[in-house]
Amino acid sequence: MARLNVVVGITGGIAAYKAVSVVRALVLAGHDVHVVATENALRFVGRPTLEAISRNPVHSELYEGVAEVRHVAIGQAADLIVVAPATANTIAKLATGMADDLLGNSILASTAPLVVAPAMHTEMWQNPATVANIATLRARGVTVVGPAVGQLTGKDSGPGRMSEPDDIVAAALAVVGPRDLEGRRILVTAGGTREPLDPVRFIGNRSSGRQGIAIALAAAERGAVVTLIAANLEVDAPASISVQRVGSTLELADAVAAAAPDADVVIMAAAVADYRPETVAQSKIKKETQGDSLDLHLVKNPDILRGLADTRAPGQVIIGFAAETEQNDAKLLELGRAKVARKGADYLVVNRVGWTEGFATERNTVLMLSRAGDIVAEAAGTKQSVADSILDLLSNPA
Ligand code: C5P
């Protein structure tokens, strides 16, 4: 997605502290973020925090920057405005078109899409005044994200909690992003499988699930209908995407087999164990009975990707991943070419992994190979931007 000028309006609710993560996610996604905070918002979260995270000055005063006509300039320059959190008071003001502060002026002076993420106590959210105001905003084309149901600031819980920052950002970018995957049914696997040894132990890998989640989110933003099958994620899965949790390779294989026939595209980003213990002990393996050594006998797991490629319906696109520790570029390419031929995938995304690379990091560097073994694209950057480059393979097939 092109770099956007995004105005993040922050209003005076305790969820303002979570707005910092909204700003951060937008910056990491490559956008130019300008925070307009109400005076009350700055009681909850400090200006230096927002300036450091947004990498831009934070504006809140209506009578500052008058010479540059700031009260309209900010809104006019915006490609997208996200208000998070949006208090009941701000929602009421927006519904009536009031502009008694810089944020209200910026919004009125803008033709950019407006996304609001309400946050308030349940009683306020359900108050007929708020209900009517939200209906007014929706009728005007404003996108309302959430609120979620959950623990509120006090001891109470219910609808009113601000949606999670990643979900707000996904919904906001979906409003302005390309919809080039509209309606395509995309199945994504993410995370790393764990092969049980006994009820408390497993053999696993260091995949965090970040790249797969980024692909799932980016695909949803671009209009796809996404199913995520997640194995042992280290990070939260986005609430906006339907997630099926699995643990072991055999569970992943079953879940993929059930979901793949309904998918136009399968993206196998999960790190799948090649072997599993032949037998799983039904109680904890004890060193007292094992003595000084313990032999594990492993058997090969089914190759899910290969099986998918062998049995796919005509037209289904299959993208596999190859995580390799090979340091030499030419040899890495050779490994990738051999793998894409062996697996029968349409594309293979090749990346380097190691003690400090690939897994569990925020960034990634990948090569994308076609079935014929040609390098069709390369990408380096945040896992979000790499996700978009991978999905470009679907809208502009090589
Ligand atoms: O052979 P390798 O494990 O390097 O292949 C990686 C690709 O194959 C990934 O897309 C992974 O999800 C998939 N895979 C699989 N089933 C396995 C092993 C890997 O689907 N048993």
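Trainee: How much area do domain 1 and domain 2 bury between them?
Mentor: Good place to start: this is a predicted model, where local features need pLDDT of at least 70, side-chain atom pairs count only at pLDDT 80 or more, and totals for chains, interfaces and linings use all residues. Residues are numbered from 1 along each chain as its sequence is written, and side-chain values use heavy atoms, with hydrogens and water left out. Buried area is the accessible area (1.4 Å probe) that two parts lose on being put together, summed over both. Of the area here, 59% lies on carbon and sulfur atoms, and the total is about 560 Å².

Trainee: Which three residues supply 62% of the area that domain 1 buries against domain 2?
Mentor: Helix 9 (residues 165-176) gives the largest share of the side of domain 1 that touches domain 2, with four residues. Helices here are DSSP runs of H or I with at least four residues, strands are runs of E with at least two, and both are numbered from the N terminus. No other three residues supply more of that area than L28, D167 and A170.

Trainee: How many salt bridges does the rule find across that interface?
Mentor: The rule asks for a side-chain nitrogen of Lys or Arg within 4 Å of a carboxyl oxygen of Asp or Glu. Contact itself, meaning heavy atoms within 4.5 Å, links five residues of domain 1 with six residues of domain 2. For salt bridges, though, the count is zero.

Trainee: How far apart are the C-alpha centres of the two domains?
Mentor: The bounds come from an automatic or database domain assignment, which gives domain 1 as 5-176 and domain 2 as 185-395. Between the C-alpha centres of domain 1 and domain 2 the distance is 36 Å.

Trainee: What is the strand order in the open sheet of eight strands?
Mentor: Two strands pair if DSSP finds at least two bridges between them. The edge strands, each paired on one side only, are strand 12 (242-246) and strand 19 (375-382). The pairing is mixed, and the order reads 12-11-8-13-16-17-18-19.

Trainee: Which residue of strand 16 stands opposite I267?
Mentor: Strand 13 (residues 265-268) and strand 16 (residues 317-324) run parallel and are joined by four bridges. Opposite I267 in strand 16 stands I319.

Trainee: At what angle does helix 14 run to strand 17?
Mentor: Axes are lines fitted to C-alpha atoms, for helices over the stretch in contact, and angles run from 0 to 180 degrees between N-to-C directions. Helix 14 (residues 329-343) lies across strand 16, strand 17 (347-352), strand 18 (363-370) and strand 19. Its angle to strand 17 is about 145°.

Trainee: Why is one side of strand 2 left without a neighbour in the sheet?
Mentor: Strand 2 belongs to an open sheet of five strands with parallel pairing, in the order 2-1-3-4-5. Strand 2 (32-37) and strand 5 (143-144) stand at the edges, so one side of each lacks a neighbour because each has a single partner strand.

Trainee: Which residue is joined to A84 by a cis peptide bond?
Mentor: The partner is found in strand 3, and strand 3 (residues 80-86) pairs with strand 1 (residues 5-10) in the parallel sense over four bridges. With omega about -5°, the residue joined to A84 is P85.

Trainee: Where does R55 lie?
Mentor: R55 has a phi near 65°, a positive value in a residue other than glycine. Its place is the loop between helix 3 (47-54) and helix 4 (70-77).
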